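Please consider the structure shown here. The discussion takes the form of questions and answers.

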Amino acid sequence: MADKKELAVSALRYGTVIDHIPSRSLFKAVRLLGLEDFPTAVTVGNNLPSERLGTKGIIKVADTIFDPAVINRIAIIAPTAVVNVIDDYAVVSKEAVSLPDEIIDLVRCTNPKCVSCHEPMRSRFRVVSREPVTLRCCYCEHEYSGDKIELK
Amino acid sequence: MMKKQSIVSIDNLSKQEILSLLEDAAWFEQHPNHKILDGKVIATLFFEPSTRTRLSFETAVNRLGGRIIGFSDPAATSTSKGETLKDTIKMVSNYVDLIVMRHYLEGAAQYATEVTDVPIINAGDGAHQHPSQTMLDLYSIYKTQGRLDDITVTMVGDLKYGRTVHSLLQALSHFRVKFNFVACDELRMPREFITFCKENHIDFTESTDFSEEVINNSDIIYMTRVQRERFADLAEYDRVKDLYTLHNAMLDGSRENVRILHPLPRVNEINVDVDDNPKAYYFQQAKNGLFARQAMICKCLGINPKQNN
Ligand SMILES: [Zn+2]
């Protein structure tokens, strides 16, 4: 199985492997999950060959299972990502990330006239389309998709 | 007692709510001094000055017997000392039953509803929403045509940046209305609204020509300002600026019931020779704002005007 081959690269005994991240979104995904300050072993690979995406990125995090609300954050920039939970070297669950209906305080509205850019407040976006991912600011109603989506 | 609610955007209102606000506006036109707001205090917070809108709201409250607190010039408030919008709204919420606010930032009124339980009426948030303008436009159409279904509305001028036409289009999408969009290429109706019309099976035409045919087949002609600063190419502005000006002679073959609307202030898009034509309605339109706002204020306070005689 293709998965087995990939996962064998640095065999993970217990933890999470996030696969099929578009290459250009990989480091954004790292940031969204807060992995820059993570205490356990984190392995990040990028520009690996992928039939579906051309090239892809992959993130392996040892000894951690993420809360779905946290892991689904990366659907904003990597809707193709797949999350594998590993237990004793075996994949025990494999699920695509799913975008919540509302994105709170993760994305920045870049409309300079939007109240959310001026007040000390959380940003809030509604997901108005999933394919392609399109977010609408709940305050000024500007819409963002693709590279226009900026993380906070 | 009805539920209190905020009105931030015209989208907050269902067709039924719009119709009931129009009925209430008609009722207030008959009873403009009905002292239904006795004992109520209403704040008018104008973080951006707008004398026209503020006077209309304050007159609406005063005629119904309510009291007003607030400011018309943010320079005089602690906002200018760096107080956040949240803090200002929370402070004022301690004192009042309703907040009418205008702000230069888009989404400010929506944000205000999230930090207070006091109902909010958005009296304009930057270039975003201005639902009381839309309600007075609707009331003017309803009053002059006797209905909102089966009418033809022609929108002329700046259809790209003019928020009033976008909100009016959305509000009228509840009804059977045919639209003519008349604008130069640079200021034509944005694609998202054209898509909106198609998705909602709304009948419309688009043209650059403010023609006799369009005028003669309209029930409402909604004129807007064509502003010089909207043009990247000033030569283009000079070419089109007079093409979308209405002159009295252009109305010679128009329908008897047609009415000319304009959100005011106008510059030169309606020639003064139209003013004395009984089809000119823009000054009465502004007056209708008073009744539309009285209806909105009562709705937000949860007061049914007709049950409190
Ligand atoms: Zn925004």
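The following turns examine a metal site and a sheet.

This is a predicted model, in which local features need pLDDT of at least 70, side-chain atom pairs count only at pLDDT 80 or more, and totals for chains, interfaces and linings use all residues. Residues are numbered from 1 along each chain as its sequence is written, chains are lettered from A and ligands numbered from 1 in the order in which they are written, and side-chain values use heavy atoms, with hydrogens and water left out.

Q: What makes the cysteines protein donors of the zinc ion?
A: Donors are N, O and S atoms within 2.8 Å of the metal (3.2 Å for Na, K and Ca), and water is not among the atoms, so sites may look incomplete. The SG atoms of Cys109(A), Cys114(A), Cys137(A) and Cys140(A) lie 2.3 to 2.4 Å from the zinc ion.

Q: Why is the site of the zinc ion called tetrahedral?
A: Four donors count as tetrahedral if all angles lie between 85 and 135 degrees. The angles among the four donor atoms are 99 to 117°, so the site meets this criterion.

Q: What makes Cys114(A) count as buried?
A: Buried means under 20% relative accessible area (1.4 Å probe, protein chains only). Cys114(A) has 0% relative accessibility and therefore counts as buried; Cys137(A), with a relative accessible area of 2%, is buried too.

Q: Which strands are the edge strands of the open sheet β6-β8-β9-β10 (chain A)?
A: The edge strands are β6 (102-104) and β10 (143-145) of chain A, as each pairs on one side only. Two strands pair if DSSP finds at least two bridges between them, and strands are DSSP runs (E, at least two residues) numbered from the N terminus. Strand β9 and β10(A) pair in the antiparallel sense over three bridges.

Technical notes
Helices (H or I, at least four residues) and strands (E, at least two) are DSSP runs, numbered from the N terminus. Four donors count as tetrahedral if all angles lie between 85 and 135 degrees; four count as square planar and six as octahedral if opposite donors are over 155 degrees apart and all others between 65 and 115; anything else is irregular. Buried means under 20% relative accessible area, exposed over 50%, partly exposed in between (1.4 Å probe, protein chains only).
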